[in-house]
Amino acid sequence: FSADCDFRRVGNCRRLKYTLVGGCMRISIPYHNGFLHAELDEALVEAVIVPKAVEPQQSPKALVKTSLENPICSKRLCEKAKGKHKITLITCDHTRAMPSKVTLPLILEELRKGNPNAEITILVATGLHRPTTSEELYNMFGAEIVQAENILVSDAYDETAFVDFGRLPSGAPFELHKAAAECDLLISEGFIEPHFFAGYSGGRKSVLPGVCSLNTIKHNHAYTHIADKRAATGVLKGNPLHEDMLTAAKRAKLAFILNVTLDSNKRITAAFSGEFEKAHGAGVSCLKESSRCPLIPADIVITGNGGYPLDQNLYQTAKAASTAALYAKKDGVIILCAACKDGLGGEQFAKVMSLGTPDYILSTLSKLAPEDTILEQWNAQIYAQVLKAHTLILVTDMLDYDLLLKMNIIPAASISDALKLARKLKGEAARIVILPDGVAVIPDNT
């Protein structure tokens with residue numbers, strides 16, 4: 001197996017969230033703010049796979065501060081802020097585990113060190129997600145920042161909030177939020193993780209889809225782009241979504257980024273700041289080393305979507321489902337654990353998921369022109385691809401089971417119940433692979 005992956009079948013390893021007692025394996029899968037547990041026969045478990053643990057060399061605050069003081073291929077942010085009047089800082093929304101309580105104060109301090117009189121706007125990159133609430137802003141940033149800073153939440157549906165920047169390489173229109181388009185200095189913060197169709201999160205993704213219009217995002221996430229084989233986890237070269245995102249960030253004059261990597265506890269393991277392509281590239285290279293894991297097929301794959309906030313709705317769980325599908329053998333069973341406290345994730349996503357069979361959904365979406373892309377169809381498209389090839393059982397106690405059945409998803413109340421259903425389909429001797437956090441893994445079949 002790849003030396004870059006921390007892979008074990010036996011032994012006591014707390015980071016893998018499992019223990020062995022008398023041949024019985026007790027596993028824990030992230031679920032909302034805790035874990036779901038189950039006991040399995042260790043002899044049937046082919047592998048438990050997690051990224052290699054990265055031990056940070058400094059505290060989270062020190063890592064960020066050191067990075068900001070030593071940016072990659074760029075002057076320090078305090079230097080870049082000099083002489084600038086309007087500065088816009090793009091940050092993540094409520095669906096991301098960005099540790100902004102650590103990062104934002106340090107970025108703001110660096111900016112004001114160089115320009116104490118600058119007019120700073122924090123622009124929350126929602127893409128097409130629902131607006132971030134006031135309560136969520138307080139949870140994400142803390143009271144001091146929310147009460148003292150000028151914060152805008154991007155609304156992709158407000159046509160008056162965007163500026164036309166022409167066309168992107170794919171021919172898609174590029175419409176950028178005014179706060180990003182009309183500032184003197186545009187910077188962003190974010191975190192880097194594997195992304196199921198953009199290759200990786202972070203960097204250029206703060207601009208597109210983060211602070212772009214509905215029209216731009218619909219084109220970027222059109223059926224043909226999502227269906228492209230290069231629109232996949234860990235792939236940037238030739239990825240049509242990435243190429244448009246990269247051009248958008250350049251055209252927006254994204255001048256500086258701070259991106260971090262996180263461990264399974266959402267703690268910062270490394271920080272990368274500076275020129276956006278170089279800093280993001282350095283973060284991607286670091287993440288590849290820890291996230292690349294062997295591709296070991298199995299009859300049954302058990303996974304989770306990383307817990308809260310990524311498992312807060314069904315829409316987001318397409319990430320782990322798509323990774324699990326790569327590990328599942330032909331006609332395999334995927335057991336996905338996700339609380340989905342916030343529901344399905346959007347009315348249009350629910351409607352597309354309920355259109356009919358996976359084949360019918362894919363056929364319907366394939367006929368749509370980019371400008372006719374249905375909101376949130378991209379994750380429904382990913383789900384349809386998964387469901388066409390595999391049976392998917394969702395372990396949740398927060399969604400309507402009848403509704404899930406209409407979406408071709410089998411509901412279950414526990415991992416144990418899901419395993420009973422899976423074994424009826426695949427047999428009592430079915431082999432199992434466990435991906436505790438399917439979002440964090442980059443499958444490697446080389």
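**Exercise 1. Work out the size and lining of the second largest pocket in this predicted model.**

Step 1. Start with the space. The second largest pocket holds about 610 Å³.

Step 2. Find its lining. 24 residues line this pocket. His94, Asn139, Met140, Tyr308 and Pro309 lie nearest its centre.

Step 3. Assign elements. Strand S6 (86-92), helix H3 (100-114) and helix H4 (134-141) each give two or more residues to the lining. H4 supplies the largest share, 5 residues.

Step 4. Sort by class. The lining of the second largest pocket divides into 9 nonpolar, 6 polar and 9 charged residues.

**Exercise 2. State the volume of the largest pocket and name the residues closest to its centre.**

Step 1. Take the volume. The largest pocket has about 930 Å³.

Step 2. Go to the centre. The lining has 42 residues, and the closest to the centre are Leu262, Asp263, Ser264, Asn265 and Asp437.

**Exercise 3. Which elements give two or more residues to the lining of the largest pocket, and which gives the most?**

Step 1. List the strands. They are S3 (24-31), S4 (34-41), S5 (45-51) and S14 (254-262).

Step 2. Add the helix. H10 (276-291) also gives two or more residues.

Step 3. Pick the top contributor. H10 gives the most, with 4 residues.

**Exercise 4. How many nonpolar, polar and charged residues are in the lining of the largest pocket?**

Step 1. Count the nonpolar class. The lining of the largest pocket has 22 such residues.

Step 2. Count the rest by class. There are 11 polar residues and 9 charged residues in this lining.

Technical notes
Residues numbered from 1 in each chain as written. Predicted model: local features only at pLDDT ≥ 70, side-chain atom pairs only at ≥ 80, totals over all residues. Heavy atoms only, no water. 1 Å grid on protein atoms, 1.4 Å probe; cavity = no way out; pocket = protein on both sides within 12 Å on 5 of 7 lines; lining within 4 Å. Points joined across faces, edges and corners; volume = space filled by probe spheres on them. Nonpolar A, V, L, I, M, F, W, Y, C, P; charged D, E, K, R; others polar.
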